[in-house]
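Reader: I'd like to learn how to read this one feature by feature. Could you walk me through it?

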Amino acid sequence: MTQKKRILIVDDDPDFAAAIQKILTSADYHVDVAGNVNDGMKAIKEEIPDLILLDVMMERYDDGFNMCYDLKHDDRYRGIPIIIVTAVTEVTGLKFDPQTDGEYLEADDYVQKPISPEALLTKVARLI
Amino acid sequence: MSGERARILVVDDEKVIRDSCTRILTTEGHIVKSAEDGNIGLEVFREFHPDIVLVDLKMPGKSGMDILEEIEGSDPNVVKIVITGYATVSSAVDAMQRGAYDFIPKPFTPEEISLIVARGLERRRLFLESEALRVEQERIRRNMISLVSHELRAPLAATVQYLEVILGGMAGKISSEAKEMIDRCNIRIKELLELLSRWLNLATFDPDKMAEHFQDISLSNIATESIELLKPLAEEKKISLILEKPDDLPPIKGSKVSLGEIFNNVISNAIKYNKAGGWAKVKLYERDEEVWVEISDNGSGISEEHLQRIFDEFYRVDGRRNAPVKGSGLGLSIVKRLVEAHGGMIDAKSRFGEGTTFRISFPKFFQRQKEG
């Protein structure tokens, strides 16, 4: 039996994370949840996941952006696919624009909260 | 501008005026540069970034008025002072209407020029302070809006996410009646999320920021894509969609996403507020320096009293909760802002019961005006 693929959710909203976790476990992924950047980094160092679902606004409004940037600029972790999951749409004062900032952040994909289970599973399957 | 040490540019064809201004103002501790004609003056202006510009109105070549206008256009906060001969007081008044702050008649004493420059510097200081304040206030306002909106969205997003899990059957079996109700909950909360993001877009909309990413856009392509997107809705409502466009429509400068939103919004209105068997027509053409878009329908039309207010925020012609067509009342106000951000204009003509025509014009060569 092949091992289950591991997905790490980094999100400070426990309800949202629990709902996403349910969707992913129902598709037979192994899912861990971290509630902030520190716990997320700790989990990654312990065992490199096959994919990360990363929230943007956590303790700081740009935590997710920074964590993504750090991972993609670290030789040990740059290979982990990252999907940014955010309720922040492109035209807020935070200047999040997948077309321009996306390139800079080098995330592999973006989804908006909330997301339909099918859309999420499709995006995850494409990257994992 | 640091302390009282200011950067001053003197543009005058008379050497004696340039030299005396330079001597007097340098003695007072200012950094002074001078130019003997308008073209050199503007060149120096662009590199030197002065706080104050002293300009002679009567010069050979480029006139003082032209220089004033160009400086006013590139940075209205630079204080402009006109140097003028006795005979040209009336043109000094003219100059002040073009953005000059003050004028000094020739000949002048060192005391006179010092006084007028000191007054100009005070003006400059106030300009810069109020500008810094305005930028800071705007930044706070935008951050507030983003944070509040995130706080509002997050619980709704989490709720919808649970509902999706339940509806997807991942949390066990539910009765078909419960499923129906949860389905409705899901739809209603999604409507609320949609309303929030529309409001957020409107509240944080920044036409200057948008214009930075403008590129050449073919409205023919935008119209075609929009019609393609709305085809299922039109088929459902039994409305035929017609596109009339010339083969050689010139491009305009704009944002693909925003222009798409304009077309989607107005065309979908033409479909929604229509009756089975009706039509919605998109017509594109070029006239003079503009590209025009006409989106018309033979639908229900809008009466005169409503027509005046359709571009207002949150205004709905049929505002009843159980109105047959649902909406936030933000669609057309967003459209209007997006059109204006492209330097365009929009208006609507309608006859109640006969149909509506929206006319939108976009300039072919767009240049964003700096706000004064």
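Author: We'll go from the chains to the sheets and then to the helix pairs. This is a predicted model, in which local features need pLDDT of at least 70 and side-chain atom pairs count only at pLDDT 80 or more, while totals for chains, interfaces and linings use all residues. Residues are numbered from 1 along each chain as its sequence is written, and chains are lettered from A and ligands numbered from 1 in the order in which they are written.

Reader: Let's start with chain A. How many helices and strands does it have?

Author: Helices (H or I, at least four residues) and strands (E, at least two) are DSSP runs, numbered from the N terminus. On that basis chain A has 5 helices and 5 strands, and along the sequence they follow the pattern β-α-β-α-β-α-β-α-β-α.

Reader: And which share of chain A is buried?

Author: A residue is buried if 20 or more other C-beta atoms, placed from the backbone, lie within 10 Å of its own. In chain A, 44% of the 128 residues are buried. For chain B the share is 29% of 372 residues, and its secondary structure comes to 11 helices and 12 strands.

Reader: What about contacts far apart in sequence?

Author: Two residues are in contact if their C-beta atoms, placed from the backbone, lie within 7 Å. Take the contacts in chain A between residues at least 6 apart in sequence: 65% of them join residues at least 24 apart. In chain B, residues 24 or more positions apart account for 66% of the contacts with a separation of 6 or more.

Reader: Now the interface. How many residues of each chain are in contact with the other chain?

Author: 20 residues of chain A are in contact with 21 residues of chain B. Helix H1 (residues 14–26) of chain A gives the most to chain A's side, with 7 residues. By class, that side has 11 nonpolar, 5 polar and 4 charged residues. Here Ala, Val, Leu, Ile, Met, Phe, Trp, Tyr, Cys and Pro count as nonpolar, Asp, Glu, Lys and Arg as charged, and the others, Gly among them, as polar.

Reader: How do I read a sheet, say the one with S1 in chain B?

Author: Start with pairing: two strands pair if DSSP finds at least two bridges between them. In chain B, 5 strands form an open sheet in the order S2-S1-S3-S4-S5, with parallel pairing. Strand S2 (31–35) and strand S5 (102–105) of chain B stand at the edges with a single partner strand each, so one side of each has no neighbour in the sheet. Neighbouring strands are turned by 20° against each other on average, direction ignored.

Reader: Where would I look for one pair in detail?

Author: Try strand S4 (residues 79–84) of chain B, joined to S5(B) by 4 bridges. There, B:Ile81 stands opposite B:Asp102 in S5(B). Helix H5 (residues 110–167) of chain B packs on this sheet, touching S1, S3, S4 and S5 of chain B.

Reader: What is the pairing in the sheet with S7 of chain B?

Author: That open sheet of 5 strands, in the order S7-S9-S10-S12-S11 (chain B), has mixed pairing. Its edge strands are S7 (240–244) and S11 (345–351) of chain B, each paired on one side only. The twist averages 15° from one strand to the next. Inside it, strand S10 (residues 290–297) and strand S12 (residues 355–363) of chain B pair in the antiparallel sense over 8 bridges, and B:Trp292 has B:Ser361 in S12(B) as its bridge partner.

Reader: Last topic: how do I describe two packed helices?

Author: Two packed helices are described by the angle between their axes and the distance between the axes. Axes are lines fitted to C-alpha atoms, for helices over the stretch in contact, and angles run from 0 to 180 degrees between N-to-C directions. The axes of H1(A) and H5(B) come within 8 Å and cross at roughly 25°. Angles under 35 degrees count as roughly parallel, and H1(A) and H5(B) are therefore roughly parallel to each other.

Reader: Which residues of H1(A) and H5(B) meet?

Author: On the H1(A) side they are A:Asp15, A:Phe16, A:Ala19, A:Ile20, A:Lys22 and A:Ile23, and they meet B:Ala157, B:Ala158, B:Gln161, B:Tyr162 and B:Val165 in H5(B). This contact has 8 nonpolar, 1 polar and 2 charged residues.

Key:
Buried ≥ 20, exposed ≤ 12 C-beta atoms within 10 Å, placed from the backbone. Parallel < 35°, antiparallel > 145°, perpendicular 65-115°, else oblique.
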